[in-house]
Amino acid sequence: QVQLVESGGGLVQAGGSLRLSCAASGRTFSSHAMGWFRQAPGKEREFVAAISWSNSITYYADSVKGRFTISRDNAKSTLYLQMNSLKPEDTAVYYCATDSRAYAGGDSLRTQSQYNYWGQGTQVTVSS
């Protein structure tokens with residue numbers, strides 16, 4: 001059983017920064033791509049960022065490109081999302097997820113159906 005536990009969310013003013021973490025257990029972390037998604041009130045869950053299993057390729061939604069950075073520490077089985085220059089429209093519950101396929105990558109990582117394990121989410125609120 002894979003477990004993903006997010007942390008690091010909170011309330012921040014516009015222009016501020018937060019760093020989200022996602023601690024993974026129960027499966028070989030280093031062999032699977034990981035992603036961050038978010039869901040704002042009344043909206044569908046959407047892709048934010050993903051990182052390949054090898055830590056060499058990253059993918060971002062246009063809305064966060066240049067402001068957010070995804071990274072992973074395979075030795076610690078932990079995924080990160082550094083969020084800078086936060087905007088009120090970044091307010092959402094943020095979820096980490098693990099790709100169902102080992103050693104896979106590509107633009108399919110932007111698709112929620114590729115992920116088979118999800119964390120419980122962490123709330124990020126950006127005030128104006």
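Start with the whole chain in cartoon view: it has 11 strands and zero helices. This is a predicted model. Follow the elements from the N terminus and they read β-β-β-β-β-β-β-β-β-β-β.

**The whole chain**

Stay zoomed out. The C-alpha trace spans about 40 × 25 × 25 Å along its principal axes. How does the radius of gyration sit against that of a compact globule? With 128 residues, such a globule would have a value near 14 Å, and the chain has 13 Å, which agrees.

Now switch on the surface. The chain exposes about 6100 Å², and 46% of that comes from carbon and sulfur atoms. Of the 128 residues, 45% count as buried.

Colour by charge next. The chain carries 12 positive and 9 negative charges, and the mean positions of the two groups are 3 Å apart.

Turn to contacts. Take those between residues at least 6 apart in sequence: 60% of them join residues at least 24 apart.

**Stop one: Gly26**

Select Gly26. You are in the loop between β3 (18-25) and β4 (32-39). Is Gly26 buried or exposed? Its relative accessibility is 59%, so Gly26 counts as exposed, the cut-off being over 50%.

Keep Gly26 selected and show its surroundings. Setting aside neighbours within four places in sequence, Gly26 is in contact with Gln1 and Val2. Add Gln3 as well. Gln3 and Gly26 are 23 residues apart along the chain, yet their C-alpha atoms are separated by 6.2 Å.

**Stop two: the aromatic rings**

Show the rings of Phe, Tyr and Trp. A pair of aromatic rings is described by the distance of the centres and the angle of the planes. Counting pairs with centres within 6.5 Å gives five aromatic pairs.

Select Trp53 and Tyr103. Their ring centres are 4.8 Å apart and their planes stand at 90°, so this pair is edge-to-face. Which parts of the chain does the pair tie together? Trp53 lies in the loop between β5 (46-51) and β6 (58-60), and Tyr103 in the loop between β9 (92-102) and β10 (115-118), so the pair ties together parts that are 50 residues apart in sequence.

Check the surface around both residues. Trp53 is partly exposed, with a relative accessible area of 31%. Tyr103 counts as exposed, at 54% relative accessibility.

**Last stop: a ring cluster**

Finally, select Phe37, Phe47, Tyr115 and Trp118. Ring pairs link these four residues into a cluster.

Key: Residues are numbered from 1 along each chain as its sequence is written. This is a predicted model: local features need pLDDT of at least 70, side-chain atom pairs count only at pLDDT 80 or more; totals for chains, interfaces and linings use all residues. Side-chain values use heavy atoms; hydrogens and water are left out. Helices (H or I, at least four residues) and strands (E, at least two) are DSSP runs, numbered from the N terminus. Buried means under 20% relative accessible area, exposed over 50%, partly exposed in between (1.4 Å probe, protein chains only). Contact means heavy atoms within 4.5 Å. The radius of gyration is taken over C-alpha atoms; the globule rule is 2.2 Å times the number of residues to the power 0.38. Accessible areas come from the Shrake-Rupley method with a 1.4 Å probe; for residues, only the protein chains shown count as cover. Lys and Arg count as positive and Asp and Glu as negative; His and the chain ends are not counted. The place of a charge is taken as NZ of Lys, CZ of Arg, CG of Asp or CD of Glu. Rings of Phe, Tyr and Trp (its six-membered ring) pair if their centres lie within 6.5 Å; planes under 30 degrees apart count as stacked, over 60 as edge-to-face and the rest as tilted.
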